[in-house]
Amino acid sequence: MKKILVRKNAYYDSVFLMLATKALKQRPGIKEAVVAMGTEVNLGLLKEIGLFSGETESAKPNDLVIAIEGETEEAVEEACRIAEEALKKRSHGGGGEKEEYRPVSLEGALKIIPEANLVVISVPGMYAAREARRALNKGLHVMLFSDHVSVEEEVELKETAVERGLLMMGPDCGTAILNGKPLCFANVVRRGPIGLVAASGSGLQEVSCCIDRMGGGISQAIGTGGRDLQDQRVRGRMMLMGIEALKHDPETRVIVVISKPPAEELAAKVLSKLEDTGKPCVVHFLGPKALGRRGSVRFSGNMEEAAAMAVALSRGEEYHRSCLSLSEAEASRVAEAEVNRMASEQRYVRGLFAGGTLAIEAMVLFEEEGFKILSNVRKEPGRVLKSPHRSEGHAIVDLGDDVFTLGRPHPMIDPSLREERIAKEAADPETALLLLDVVLGYGAHEDPCGALAESVSKAKGQVAGRGGYLSIIASITGTEKDFQNMAEQKKKLESAGCLVMPSNYQASVLALHVMRKVASKWM
Amino acid sequence: MDVKKIRELFSKELVVINMGLESFADNLRKEDVKVLPMDWKPPAGGNKRLIALLEKLGR
């Protein structure tokens, strides 16, 4: 039994539709369900799964398609009714709030709130640059969450922004904190004297949360989008602009820069710019270690250390001590206990990450210790996973990569992708250790550790059933002020048998202790 | 590099126009940010040719 409905001129955002689709699929008696806009890609997908009718043929990107296949007519009708109800509720103000007028154009919006100073844009990529351009031309700062925007468009937008003295954060900028307010995927952190500019979303979240945990605070945290320092054509325009803004911001006393390793020429520019601020600065470029100091700029070895250095500098102190919560000896003892329970064939680490930069931080650490890691975030021959969907050897996977998120929500929003992957890893008798990240804050799932704890318990049970032991080490990027409740989230993971460390770096270090001991058994 | 407008932004309350994912506007409201969500739809019904034409006309 199939039912396909097309609602003309009814537009809904992709995250809402993906979550609605997931909820329908989980209903009893439902075999397949799709609630999506009538874009070419979606119509192609509907054809592929056999949920296509004459009516869908004429559907346009502004038309909503509800396609459901179920075992009985009743199940399908009930699912359709529920879908329509959810859509109606959404179009009337997002659930219970009083209905408000929503302008269809930026011009209309500015008539209602002429004092607007920022536009947050998260429309599909093919329309995103157009909307950002219009906002900049109206003198508004822009946070562009959307991805799939071309480099040429990015360059053009950032050139316009620099000319006009505006922020152009993104494309693909997932997080920022302006004036103490978290934007898109961001955590609630204390305000304070540390300013951040980051070309990495999960990097910005990790460092700002570590700063908060250490008692420091954030003045402004500016996201630039990942390509800002990676692509020569973008030339670090927003990174340099962000540093300049923090230089002149009286609230900012220390500046922190986080990025994946930039092109050499761009790195030099950033460092000169930082020196020119006259403020103490901390830089963390993920990748091969660049430690030490250049004038007023200190280099950190990992993201947690960047936070610790910044907090010390903001207090007028120098950073001297390591921030590890477990000593070498303690970590070694914990690792020993984990490894002693494993079966003889268990030998590989499997990192399953929602945060791309967190995955890279773990990978860099393991590689420095001589582990050969395969990953979907690598490009070097011999280091790329043959299939991102299947781990082999030591593997670290960024589950937020496009290959996993086409047509389904990011794993920070919907934990089911990682749940499926945990089950796969547990079924592999050679898996010794799972290394995980959890990101809290706005935008993220309401109970990520609760969801994860269930699949972790199952996985541990499965491995124990065949006489082994699955070691699981995790970290939680979040603060006590995030709505998910950090303490409760941690408790849920610990109750499921996970070792929870205070940062991604420390989780990776403990994982390394375990894997060194595992490796020594195989020598 | 003139950052006067950014300094101005840093010294004022954020006032946001949200175009796209509804949840971003909901979350900003929880943080007491003044936010106006737009009823955004693909321009020209998502017709690529028409969009390109509108761009040329500066609309």
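Let's start where the two chains meet: in this predicted model, 38 residues of chain B are in contact with 46 residues of chain A. Four elements of chain B each give at least two residues to the side that touches chain A: α1 (4–11), β1 (15–19), α2 (22–30) and β2 (34–37). Sort the residues on that side of chain B by type and you get 20 nonpolar, six polar and twelve charged.

One of those elements, β1(B), also pairs with a strand across the chain boundary. Its partner is β4 of chain A, residues 118–121, and four bridges hold the two together in a parallel run. If you want a spot to click on, go to Leu118(A), whose bridge partner in β1(B) is Val16(B).

Now for a sheet within chain A. Three strands make up an open sheet here, in the order β1-β3-β2, with antiparallel pairing. On the edges sit β1 (2–7) and β2 (30–37) of chain A, each pairing on one side only. From one strand to the next, the twist averages 5°. Between β2(A) and β3(A), residues 64–70, there are seven antiparallel bridges, and the bridge partner of Val34(A) in β3(A) is Ala67(A). Helix α1 of chain A, residues 14–25, packs on this sheet and touches β2 and β3 of chain A; the helix direction makes about 165° with that of β2(A).

Here are the two strand pairings with their bridges side by side.

| Strand pair | Bridges | Direction |
|---|---|---|
| β4(A) and β1(B) | four bridges | parallel |
| β2(A) and β3(A) | seven bridges | antiparallel |

Further along chain A comes helix α12, residues 328–340. How far does α12(A) reach from its first C-alpha to its last? The 13 residues of α12(A) cover 18 Å, close to the 18 Å expected at 1.5 Å a residue.

Which residues of α12(A) are buried? They are Ala335(A), Glu338(A) and Val339(A). Looking down the axis of α12(A), the buried residues stay within an arc of 90°, so they line one face of the helix. Against that face, the buried residues of α12(A) pack on β19 (471–477) and α18 (504–522) of chain A. Flip to the other side of α12(A) and you'll find Ala329(A), Glu336(A), Ala337(A) and Asn340(A), which are exposed. Note that a glutamate turns up in both sets: Glu338(A) is buried, whereas Glu336(A) is exposed.

Notes
Residues numbered from 1 in each chain as written. Chains lettered and ligands numbered in written order. Predicted model: local features only at pLDDT ≥ 70, side-chain atom pairs only at ≥ 80, totals over all residues. Contact = placed C-beta atoms within 7 Å. Nonpolar A, V, L, I, M, F, W, Y, C, P; charged D, E, K, R; others polar. Pairing = 2+ DSSP bridges. Axes fitted to C-alpha atoms, helices over the stretch in contact; angles between N-to-C directions. Expected span 1.5 Å × (residues − 1). Buried ≥ 20, exposed ≤ 12 C-beta atoms within 10 Å, placed from the backbone. Arc of directions from axis to C-beta.
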